[in-house]
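This report introduces a protein structure to a reader who has not met it before. It moves from the overall fold to a pocket and then to a single residue.

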Amino acid sequence: MEPVQRLAVPADAPAITELMRQSVLTLFPAYYDDAQVASAVVHIAGLDLALIEDGTYYVHEAGGEIVACGGWSRRNKLFNGSGAGADDRLLDPATEPARIRAMFVRADWTRRGLGRAILTACVDAARGRGFTQLALMATLPGVPLYKSFGFTEVEPAELTMPDGVVLAAVAMERAVDVPS
């Protein structure tokens, strides 16, 4: 069964949230300890419904199940979790980068090109809105995908979750017109 990519709709929210949780539970333990994984399940694996409302969030569906999700945003929020900010101001495409947000793949669907396909859709859509730059805050499991897609590391970061747990992360960016 070949997965089909489409824009997410509000009815997808429960399945997306469960995918996020399962992705964190299965992929994060290779990079983070038990306390960090437990915190990420609560504070990172949460869907920002504004992404769906804005029409900038994609899913891959296979056999009636959502197996990958991710998107981009024109709003000034870089990631979920503490310190992410609640600023939903629209970004200026002439001076600010669009944000890549909430990329998750079900463990049994990793390494099949779904993340790249979502990133390609994000780049094309952001370009269509006049953006020339993209930025993201990567948790460690996502760094290899983003690097292979042309993102460069800006700096390492520490994300302090509301429960005080700290996750290592990496701020990354790329130009919209960099070959992927």
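## Overall fold

The protein chain has a secondary structure of five helices and seven strands, and the model in which they appear is a predicted one. Read from the N terminus, these elements follow one another in the order β-α-α-α-β-β-β-α-β-α-β-β.

Along its principal axes, the C-alpha trace of the protein chain spans about 40 × 40 × 30 Å. The radius of gyration is 15 Å, which agrees with the value near 16 Å that a compact globule of 180 residues would have. Of those 180 residues, 48% are buried, and the protein chain exposes about 8,400 Å², of which carbon and sulfur atoms supply 54%. Among the contacts between residues at least 6 apart in sequence, 68% join residues that are at least 24 apart.

## The largest pocket

The largest pocket holds about 800 Å³ of space. Of the 33 residues that line this pocket, those closest to its centre are Met103, Pro141, Gly142, Leu145 and Tyr146. By class, the lining comprises 21 nonpolar, eight polar and four charged residues.

Several elements take part in this lining, and those in the table each supply at least two residues of it.

| Element | Residue range |
|---|---|
| Helix H1 | residues 13-27 |
| Strand S4 | residues 98-105 |
| Helix H4 | residues 114-128 |
| Strand S5 | residues 133-139 |
| Helix H5 | residues 143-148 |

Which element gives the most to the lining of the largest pocket? Strand S4 does, with six residues.

## A residue after the last-numbered strand

Val176 lies in the segment that comes after strand S7, which covers residues 166-175. Is Val176 buried or exposed? Its relative accessibility is 2%, and because a residue under 20% is classed as buried, Val176 counts as buried.

The surroundings of Val176 can be described through its contacts, leaving aside its neighbours within four places in sequence: the residues it touches are Val123, Arg127, Phe131, Thr132, Gln133 and Leu134. One of these contacts, with Val123, joins residues 53 apart in sequence, although their C-alpha atoms are 6.0 Å apart in space. Helix H4 spans 114-128 and strand S5 spans 133-139, so the contact list of Val176 can be read beside these ranges, which also belong to the elements that help to line the largest pocket.

Definitions and conventions: Residues numbered from 1 in each chain as written. Predicted model: local features only at pLDDT ≥ 70, side-chain atom pairs only at ≥ 80, totals over all residues. Heavy atoms only, no water. 1 Å grid on protein atoms, 1.4 Å probe; cavity = no way out; pocket = protein on both sides within 12 Å on 5 of 7 lines; lining within 4 Å. Points joined across faces, edges and corners; volume = space filled by probe spheres on them. Helix = DSSP H or I, 4+ residues; strand = E, 2+ residues; numbered from the N terminus. Nonpolar A, V, L, I, M, F, W, Y, C, P; charged D, E, K, R; others polar. Rg over C-alpha atoms; globule rule 2.2 N^0.38 Å. Buried < 20%, exposed > 50% of the residue type's maximum accessible area, 1.4 Å probe, protein only. Contact = heavy atoms within 4.5 Å. Areas by Shrake-Rupley, 256 points an atom, 1.4 Å probe, with all protein chains shown as cover.
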